[in-house]
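The following paragraphs lead through the structure shown below, beginning with the contacts within one chain and ending with the contact between chains.

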Amino acid sequence: MSLFQLTLTIAMATLSLCLLLTAIRFAIGPTLPDRITAFDLIVANVIGIIAIYTEFTGNEDFIDVAIILSVFGFLGSVTFAFYIMKINK
Amino acid sequence: MLENLNLEVVKEIVSCVLILMGVCFMFIATIGLLRFPDFYIRMSAITKGATLGVGLILLGLGIYFNQPDIMLKVLAIIIFTFITAPVAAHVIGRTAVRNHSPFWPKTNLQEFEEYMLKDHLEKMKNHDRYAEEHHEVPKPSDGGGT
């Protein structure tokens, strides 16, 4: 196991821990906007995990998944925010 | 000295450093999301830390592959994230203010309350003017009818 693979493993483990902690905030978040920000961070974490997985396997096709995920993460959070603004008017 | 430099090793080291820095920023942002006391403070931690973390991780990926098309895709993701993260944070923050999401008790709210009071007074003034105009219209017709 080279130093490069060790670094990638550490990064992957840390990002998985981040995902777990974000899931805790998603579960206990007192209000609905808290859950939207937790969803935003989950999307960012998954983009990072996809990037590191691309370096593990050397398969370049996964970068397109990251592009699509960033677009849909932005659309999802904005749509949730407008939905909450509409239902509480 | 430059002939002995192995480009593969340099690429791997630069990529490793960038990825570790990005992961550190992501971890700090996650701890901030979990530990901060207020919704608005949590949102500021997410918006800055996670954006910078994702940008650094993707830059490490682009430097490791060392091909122009992958670098172009990575730059597209980074620029899109840097443009859209503040917009999403602004929309969510405005939603939270409209929903009267509670503030942390130690927050300095003086200017915000003055602004909200002025906004409320403007609304009340406009509402009264609209009501006066609305009531004035039927009076002459009533006088003329009787």
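In this predicted model, residues that lie 24 or more positions apart supply 50% of the contacts of chain A, counted among pairs with a separation of 6 or more. Burial can be set beside this figure: 35% of the 89 residues of chain A count as buried.

The secondary structure behind these values consists of three helices and zero strands in chain A. Along the sequence, these elements give the pattern α-α-α. Chain A is more spread out than a compact globule, because its radius of gyration is 16 Å, well over the 12 Å that the globule rule gives for 89 residues. The dimensions of the chain can also be given along its principal axes, where the C-alpha atoms of chain A fill a box of roughly 55 × 25 × 10 Å.

The remaining topic is the contact between the two chains. Chain A contributes 38 residues to this contact, and chain B contributes 40 residues. On the side of chain B that touches chain A, at least two residues come from each of α1 (7-35), α2 (39-65) and α3 (68-98) of chain B. Of these helices, α3(B) provides the largest share of that side, with 14 residues. By residue class, the side of chain B that touches chain A comprises 28 nonpolar, eight polar and four charged residues.

Taken together, the description covers a chain A with the pattern α-α-α and a contact with chain B to which α1, α2 and α3 of chain B each supply at least two residues.

Note on methods:
Residues are numbered from 1 along each chain as its sequence is written. Chains are lettered from A and ligands numbered from 1 in the order in which they are written. This is a predicted model: local features need pLDDT of at least 70, side-chain atom pairs count only at pLDDT 80 or more; totals for chains, interfaces and linings use all residues. Helices (H or I, at least four residues) and strands (E, at least two) are DSSP runs, numbered from the N terminus. The radius of gyration is taken over C-alpha atoms; the globule rule is 2.2 Å times the number of residues to the power 0.38. A residue is buried if 20 or more other C-beta atoms lie within 10 Å of its own, exposed if 12 or fewer, and partly exposed in between; C-beta atoms are placed from the backbone. Two residues are in contact if their C-beta atoms, placed from the backbone, lie within 7 Å. Ala, Val, Leu, Ile, Met, Phe, Trp, Tyr, Cys and Pro count as nonpolar, Asp, Glu, Lys and Arg as charged, and the others, Gly among them, as polar.
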